[in-house]
Amino acid sequence: MSDTDVRDEPLGRLLDRAAERIEDAPGDRLAEVLRRGSRRRAARLTATGTALAVFAGAVAVAGLSLPSEDAVIPTDVDDWRTFASLEDNGWTIQVPPPWDVTELPACRGAEQRIGVAVTNVSFEFRDPQGGPPDCYDRLVMAGFPRDGVVLEFLPIVGDSLPGLFLDQPDTVLPLAPELLKRTGGIRGGPRETFLGIWRDGSWIGTVRRYVGPDATSSDVRALDRMLASFSVSGAPRWVTRAFDVSGSLEVTVTRPESWRAAPYRQIVVIDAPSPILAIASPGVGDGSCRPSLFVPWIRMDGASAQRDAFDVAIVLSDASGAWGPPELPPPPDRFRFQDATAQREACGGRVRSRTFGFEDGGRPFLLEVAASVEVFREQPEVLRYILDSIEVNGI
Amino acid sequence: MADRAGFEAFYAAHLPRVVRACALVLLDRAESEDVAAEAFARLWSHWGRIHGEDHAGGYVFTTAMRLCSKRRRRAAREVVGAVPERGAPAGDPTDRGAVIDALRTLPLRQRQSVVLRDWAGFPTQEVARILGAKESTVRVHLARGRAALRERLTVEEREG
């Protein structure tokens, strides 16, 4: 320690007093910690697999538990009410017991027969003509309480709009508020975000989230826990996995389970960044032009080009062996495409590549992202979510 | 099978300190408990490979600070429903609320540097390792953070 490395004692005492506000006994969460830690360890050791909910039975709105008069929202989401549209490919959602549920009719031909709007306040939803909500109609939010929040899912007949939308990857669950797209909002009314839900190449419905300007943070938290509980059978899930990319380095990344991720083995490039981890989406575009990054699982003979196709590829490289690596900043708070240190385009701009450089723990890294903009025009937040989740940790 | 009893003892001994450090950084008790729980869960997932309390302590603080950073940037992105940041008038430094308000005005990296160095007592070199930053960078964060806090709290500088 140098002689200038002195603790600021007066400041330390002030911080001590501030810290004293926090009582000594945090909640007992040891059992939860052990459970979550064991789960992480198991996830690292085994191939990721996610059990998907299987829905069976007749079409029905199913309040699987009775509404409660208790105005307190239980801490455990499992204690909330469950609502669902129980087709084989239906949806389900957990609802805080005191909150209101309005059934929304889906259009004829939609994969699910009903939608839902859940709100923390009493409010009668109407269609623009003043009648009860109808399929395809947006809900009229005029007069909605300023402290209200709403989560809405409305099934749609995506196949009835051929050619209108480019094929999109299946929507990954659970949803998070930052994955939804913003609208211009409603003047003086609730702020609105939304996301189209895709499955098997079809647009099956839209989730909308409304937050009134005076909504409490606890209601917004409950809204987002409800959003996270939204489930569609067969949808891929987010998975978090730590990859041991060397004896002393671990990279943790959260990605859709349908995406592949693998460390490079024994690739050391002299005087250049050495790739250590690749993450890539499945291919859903027409395949006429794809990112051209080398990923570990590509067969060199090209015999399984279709199986190996991808529309987005992310490659993390260790640049510590590179000749004359530039001075790099710490990991950004958020990877923003406009902050890339290098960029390339291919296929007339249909495929774009961005490279980010950062230093973590005194070690330089490069992150290259190549994506088909056609496929990810609808879901750029998914890509950002993955990038922001990347953590490099020394062990 | 990892040494569960050893982990439980480490958890009991260090949890309050990690929660407090996170609370001083996040300024939110519930969030800091969540972060600490996740950090200890990650520690448990590596427990068999981590030897010695110092290594475990470094790992759990590093993980907790990374999670704090993630929480803060996610909160910054989640404009809707965010609890407005309170203003931070200069105040009586003996008032705990004034200290919290002053901390709230610091950028996250400065807040983390000050909490880890001046509250938790880690040497600057260790703070740099925990934050994944260069030591020189941490020194800059420390200097700026301390100066801002002194200005707000009118802490009398003590000759070192």
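Here is a walk through a predicted model with chains A and B, from the overall make-up to a helix contact and some salt bridges. Since the model is predicted, local features need pLDDT of at least 70 and side-chain atom pairs count only at pLDDT 80 or more, while totals for chains, interfaces and linings use all residues. Residues are numbered from 1 along each chain as its sequence is written, chains are lettered from A in the order in which they are written, and side-chain values use heavy atoms, with hydrogens and water left out.

Let's begin with chain A. Its secondary structure comes to five helices and 18 strands, where helices (H or I, at least four residues) and strands (E, at least two) are DSSP runs numbered from the N terminus. Of its 395 residues, 50% are buried; buried means under 20% relative accessible area, exposed means over 50%, and partly exposed lies in between (1.4 Å probe, protein chains only). Chain A exposes about 18,700 Å², and carbon and sulfur atoms supply 51% of that area, with accessible areas taken from the Shrake-Rupley method with a 1.4 Å probe.

Two places in chain A are worth a visit. Helix α5 of chain A, residues 380-389, is mostly covered, with eight of its 10 residues buried. Among them are V382(A), L383(A), I386(A) and S389(A). The other stop is T252(A), which sits in strand β11 (residues 249-256). T252(A) counts as buried because its relative accessibility is 3%. Neighbours within four places in sequence aside, T252(A) is in contact (heavy atoms within 4.5 Å) with residues including R40(A), R241(A), S389(A) and N393(A).

Now turn to chain B, which has seven helices and zero strands. Buried residues make up 57% of its 160 residues. Among its contacts between residues at least 6 apart in sequence, 66% join residues at least 24 apart.

Two of these helices meet in a way that is easy to picture. The axes of α5(B) (residues 108-119) and α7(B) (residues 135-153) come within 8 Å and cross at roughly 90°; axes are lines fitted to C-alpha atoms, for helices over the stretch in contact, and angles run from 0 to 180 degrees between N-to-C directions. That crossing makes α5(B) roughly perpendicular to α7(B), a label for angles of 65 to 115 degrees. On the α5(B) side the contact includes R109(B), V114(B) and D118(B), and on the α7(B) side it includes H141(B), L142(B) and L149(B).

Finally, consider the charged pairs. Side chains of opposite charge can pair when their charged atoms come close. A salt bridge is a side-chain nitrogen of Lys or Arg within 4 Å of a carboxyl oxygen of Asp or Glu, and the count comes to 19 over all chains. One of them links R150(B) and D8(A), with the closest N and O atoms 2.7 Å apart. This pair crosses between chains, from helix α7 of chain B to the segment before α1 (9-19) of chain A. Both R150(B) and D8(A) are buried.

Within chain B, R29(B) and E33(B) form a salt bridge at 2.6 Å, N to O. Both lie in helix α2 (residues 29-45), four residues apart, about one turn of the helix. R29(B) is partly exposed because its relative accessibility is 23%, whereas E33(B), at 15%, is buried. In addition, salt bridges that share partners join R29(A), E32(A) and D34(B) into one network.

Methods. Angles under 35 degrees count as roughly parallel, over 145 as roughly antiparallel, 65 to 115 as roughly perpendicular and the rest as oblique.
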